[in-house]
Amino acid sequence: MTRAHLTTHPTTLPATHPATGPTARPDTVVELTGVTKEYPGGVAALRGVDLTVTAGELLAIVGPSGSGKSTLLHIVGTLDRPTAGGVRIAGYDIAALSDRSLSALRSRHVGFVFQSFHLVPGISARANVAEGLLYSGLSRAERLRRAAEALERVGLGDRMDHRPHELSGGQKQRVAIARAVAGAPDLLLADEPTGALDTASGESVMELLRELNRDGATIAVITHDQEIAASLPRQVRIRDGEIVADRSPAGVAS
């Protein structure tokens with residue numbers, strides 16, 4: 001994953017919210033219906049995936065390497081389009097959007113946290129967070145204000161002027177999370193957020209994600225770590241491009 005995915009140039013979205021039709025629900029953040037993704041050579045990464053995520057959920061999308069979870073992340077994060085099937089994110093039908101409108105949707109409605117942080121070296125934590133708002137249309141002063149607010153929220157109010165090389169791994173990930181939530185996205189996608197961290201730092205980051213969820217954030221954690229998955233209220237298990245189990249807080253598999 002490259003930093004280009006974090007700072008794509010958005011344009012305007014349709015003036016009217018396109019959440020229409022019999023399957024549209026105002027509290028649905030993600031709706032995938034029969035999603036298939038095939039690559040050249042006949043490789044099927046996803047095979048008819050159905051997935052619905054409602055506002056305020058905290059879930060794990062878990063599976064081994066090669067299971068299709070990274071492809072699923074790309075589809076849900078609008079970084080890629082499916083070969084077949086329907087995708088609706090934050091009420092918008094992805095098939096109806098141009099690439100530029102899709103960039104606008106991603107910029108406004110989806111936040112990303114990656115394993116390797118993707119921070120810009122040589123600039124402060126506050127500037128890194130503000131960069132995530134670069135194409136929001138906000139003034140520089142307002143971007144910096146929101147960046148400071150986001151860093152306070154993740155417990156780094158005393159590290160705003162520190163540069164990445166002056167921060168621990170756990171602190172870098174908190175900066176990355178602050179950048180992801182500064183724009184108040186409908187959905188936060190955390191891709192292996194503890195993969196580059198020691199155990200204590202990883203537990204701290206997971207607790208921060210739980211706190212953000214308690215504050216109302218909708219969060220999907222993509223992971224191969226069974227222990228992390230088991231600690232979250234909902235576990236969506238994927239194998240060979242198919243969802244093989246979807247366990248709710250009640251422990252009922254779909």
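This note goes through the fold, the central sheet, its helices, a hairpin and one pocket of a predicted model.

1. **Overall make-up.** The protein has seven helices and 10 strands. Of its 254 residues, 48% are buried. Take the contacts with a separation of 6 or more: residues 24 or more positions apart account for 70% of them. The accessible surface comes to about 11700 Å². Carbon and sulfur atoms hold 49% of that surface.

2. **The six-stranded sheet.** Six strands form an open sheet with mixed pairing. Read across, the order is β6-β7-β8-β3-β9-β10. β6 (110-114) and β10 (242-247) stand at the edges with a single partner strand each, so one side of each has no neighbour in the sheet. Neighbouring strands are turned against each other by 20° on average, direction ignored.

3. **Pairing of β3 and β8.** Strand β3 covers residues 58-62, and strand β8 covers residues 219-223. They run parallel and are joined by five bridges. To find the register, start at L59, which stands opposite A220 in β8.

4. **Pairing of β6 and β7.** β6 and β7 also run parallel, with five bridges between them. Here F114 stands opposite D191 in β7. In general, strands of a sheet pair through backbone hydrogen bonds, either parallel or antiparallel.

5. **Is edge strand β6 buried or exposed?** It is mostly covered: five of its five residues are buried. In a regular strand the side chains alternate between the two faces of the sheet. In β6, V110, F112 and F114 lie on one side, and G111 and V113 on the other. These residues are all buried, and both faces of the strand are covered. So an edge position, with one side left without a neighbour in the sheet, goes along here with buried residues on both faces.

6. **Helices on the sheet.** Two helices can be placed against β6 and β7. Helix α2 (residues 99-109) lies across β6 and β7 (187-191). Its direction runs at about 70° to β6. Helix α5 (residues 169-181) packs on the sheet and touches β6 and β7 as well. The direction of α5 makes about 170° with that of β6.

7. **Helix α1.** This helix spans residues 69-76 and is mostly covered, with six of its eight residues buried. The buried ones are K69, T71, L72, L73, I75 and V76. Note that a lysine, K69, is among them. Just after α1, T78 takes a positive phi of about 60°.

8. **The β1-β2 hairpin.** Strand β1 (residues 28-39) and strand β2 (residues 43-54) run antiparallel, joined by eight bridges. E31 has T52 in β2 as its bridge partner. Three residues lie between the strands of this hairpin. G41 takes a positive phi there, near 95°.

9. **The second largest pocket.** About 290 Å³ of space lies in this pocket. Which helix gives the most to its lining? That is α6, with five residues. Both α6 (199-214) and α7 (226-230) supply at least two residues each. The lining consists of T194, L197, D198, T199, G202, E203, M206, R210, D225, E227, I228 and S231. When checking the pocket on screen, start from α6 (199-214) and then look at α7 (226-230).

Key:
Residues are numbered from 1 along each chain as its sequence is written. This is a predicted model: local features need pLDDT of at least 70, side-chain atom pairs count only at pLDDT 80 or more; totals for chains, interfaces and linings use all residues. Side-chain values use heavy atoms; hydrogens and water are left out. Two strands pair if DSSP finds at least two bridges between them. Helices (H or I, at least four residues) and strands (E, at least two) are DSSP runs, numbered from the N terminus. Axes are lines fitted to C-alpha atoms, for helices over the stretch in contact, and angles run from 0 to 180 degrees between N-to-C directions. Contact means heavy atoms within 4.5 Å. Buried means under 20% relative accessible area, exposed over 50%, partly exposed in between (1.4 Å probe, protein chains only). Accessible areas come from the Shrake-Rupley method with a 1.4 Å probe; for residues, only the protein chains shown count as cover. On a 1 Å grid over the protein atoms alone, a cavity is a set of points where a 1.4 Å probe fits but cannot get out, and a pocket is an open set with protein on both sides within 12 Å along at least five of seven lines; lining residues have an atom within 4 Å of a point. Grid points are joined across faces, edges and corners, and a volume is the space filled by probe spheres set on the points.
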